[in-house]
2 protein chains.
Amino acid sequence: MDEMHKPSRRAFLRGSAAAAAGSIAGAASAQTADPLITDVQDWASITGVGVDETPYGLPIEYESHVVRRNVEWLTASPISSINFTPIHALEGTITPQGCAFERHHSGAIEMKKDDYRLMINGLVDKPLVFTYADLERFPRENHVYFCECAANTGMEWAGAQLNGVQFTHGMIHNMEYTGVPLRALLNEAGLGAAGDLKDKWVYVEGADASSNGRSIPMEKALDDVLVAFKANGEALRMEHGYPVRLVVPGWEGNMWVKWIRRIEVSDAATESREETSKYTDVMEDGTARKWTWVMDAKSVITSPSPQMPIEHGKGPLVISGLAWSGHGQITRVDVSRDGGITWEPARLGKQGDTKALTRFYLDVDWDGAPMLLQARAMDETGYVQPTKEQLRDARGENSVYHNNCIQTWYVNAEGIAENVEVS
Amino acid sequence: MDEMHKPSRRAFLRGSAAAAAGSIAGAASAQTADPLITDVQDWASITGVGVDETPYGLPIEYESHVVRRNVEWLTASPISSINFTPIHALEGTITPQGCAFERHHSGAIEMKKDDYRLMINGLVDKPLVFTYADLERFPRENHVYFCECAANTGMEWAGAQLNGVQFTHGMIHNMEYTGVPLRALLNEAGLGAAGDLKDKWVYVEGADASSNGRSIPMEKALDDVLVAFKANGEALRMEHGYPVRLVVPGWEGNMWVKWIRRIEVSDAATESREETSKYTDVMEDGTARKWTWVMDAKSVITSPSPQMPIEHGKGPLVISGLAWSGHGQITRVDVSRDGGITWEPARLGKQGDTKALTRFYLDVDWDGAPMLLQARAMDETGYVQPTKEQLRDARGENSVYHNNCIQTWYVNAEGIAENVEVS
């Protein structure tokens, strides 16, 4: 398939016309003498597993392939590295904590709730230190938000590289967070000392060795940032920042500081190591674009995809995918089966929350002809997800971060999918 | 505290007046020389756990108490038994699969997707057998729904018995399901043979030894019932029916048949063992009330509660709880701190989905006086959750199922909570 890595739309259309003669098969059929339905099975003749055997349950052994995975060559060390959510095998919108991607700058740390402290200092009326129990006394909110690493899809700038949606788009997860608005804690410390808040910042850092310090404009800090202690109802897992992490809705994941230990109100950005050595975008002319916090609208088809071939042949096919925008709600997703020549509006599984994953579907009858599958998201601001060409025209090819371009999967007549670019 | 098991409201009010003189303490305070904030901690001096160590993550060891638990005396065998969701320790609305309550009639069974079959037979034009792959070809939907066992709170009919919200109200969970509407599968088989659908039924049974067969009126089967294969994004866990279970929104959990193997269209209810020996309500006069499928509006305060004492003394206190209704959306929850004499409207954490858990909060300044905490839910039909007295007046005390009465926690001046009744 190497010659298909950059299929032209013209050649693709020629191929499609020849193959588009299949009939639409029904999805179910009456079967005769299938022993799995006619015979009494072993599992109907036993007493099964009792309720006292698994106080905390894990996925069944047959799903052991649905796990976080890393790409060994991608970073020097698994301690300062990333792994990827198995989004190819997930459905709906919620990501279980157990398989939600991880990114640490110096590894995940283990801290007891009793040892947790959060300091607010700098330009505040009264510097404060909060214990975990203190945080539990402030009014709480619940919100579902996506968290996307700025480097998600970052290996795809130069060409179609990683052959699986888990690896091209899996640095994302979507959970229901419970926490205290950062605004409430800042107001408790008092912002009078900061004067005019318009140009003020907060500098946030974690308790791990990297500290992963980042600067956040005061306007965002007072808007929807949460100091969160639960995800999907239960305590944050160690790898997600137990006992407390920052949730910065719609903004790049590296600002969602885990094991959050200090928030300093200041009159300038800190320009920390993490926001100068990383998380800036090198443009075509070598200059750097910085403070690119918001994750723009993006979408991707999760099935079919390279890890999720079509195994049932022609006939009814569910094309399933995810869309999200750091600017608010997803209002529309279109799907193309011919590499962007024609588009069909997708069905949204459920109107998504703001700054949260939205599931979309296109239900089709597949004629067995090869497809160049693409999805294109639109958000409430009217922004439309760009093609790879459009993104390269604007940003060049020196970037790692903020690649939100339209992804293409080539699906052949056997249903095998491959990561490709169209020209 | 035995004498407080049935505290009168009058005596309670006398007690409160005397104790209501405490000052409101701030939730956070500046601290000097707290080594946890001033000293470099061990976890800031190490490289932590890398991303390759936990392909599938589990809760941190410090949360090992947040697990499903059973009550040993409650049923004869852990195989035909139940355990309880640790709702006292959860927040928000989503229940992780790993700690969502289980109820099996003959234990959880292990079945591969490839071995899965679902038969639709009876009054259909064309009996069909679906494989798992067949189900994946039908248009999917995503919905968050609560699932409550009919017996939830069943041990509380005669008096305040189990001293923990996990045990009084923990036979409930709330997940995001992905599945195919049952309607689509019935239509695939064709309902022409059934004639007038008004009085028709489906009989649903599971692949386990108990089969747990139940009859569902056709009207419900064609409404919002899902044949579901994912919960919270990932495959159903074994104990939740892997690979496929029925989701019957708003209706009692025993109808959500796990390992669903057969759906028969019929012109009468089957009156199976599970709907005659169980899941009917014995009234005061000895007659039985049957077909009581819908779970009426209900709410409970999860914290403070017997497993969640107030440990920080007077001052700001977050009262947190859950509300739900099988008839649709929760529109309002009121909280009482004096055993139902006066009520305050609670803040809904987020407008809940229909037939899904809604989180509510009352943020108060606790004066340190004892409280008789109650919550009262209202749903979109105008229905108001009844008191225990009202429920007993209507139903007597012979029932096990469908106890949706208002729950009372007595919280003493030390913040210790206890399951009580008020008279």
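The following passage describes the domain arrangement of chain A and the relation between chains A and B in a predicted model. Local features require pLDDT of at least 70 and side-chain atom pairs count only at pLDDT 80 or more, whereas totals for chains, interfaces and linings use all residues. Residues are numbered from 1 along each chain as its sequence is written, and chains are lettered from A and ligands numbered from 1 in the order in which they are written.

In chain A, the domain assignment (bounds taken from an automatic or database assignment) gives domain 1, comprising 2-19 + 294-420, and domain 2, comprising 97-158 + 172-289. The C-alpha centres of these two domains of chain A are 31 Å apart. Their contact, in which two residues are paired if their C-beta atoms, placed from the backbone, lie within 7 Å, takes 18 residues from domain 1 of chain A and 22 residues from domain 2 of chain A.

Superposition by least squares on the C-alpha atoms of residues with pLDDT of at least 70 in both copies lays chain B on chain A with an RMSD of 0.0 Å, through a turn of 180° and a shift of 0.0 Å along the axis; this is the relation of a two-fold axis. Among the residues of chain B, P96(B) comes closest to the rotation axis, its C-alpha lying at 3.6 Å.

Between the chains, 100 residues of chain B are in contact with 101 residues of chain A. Because 100% of the interface residues of chain B are also interface residues in chain A, the copies meet through the same surface.
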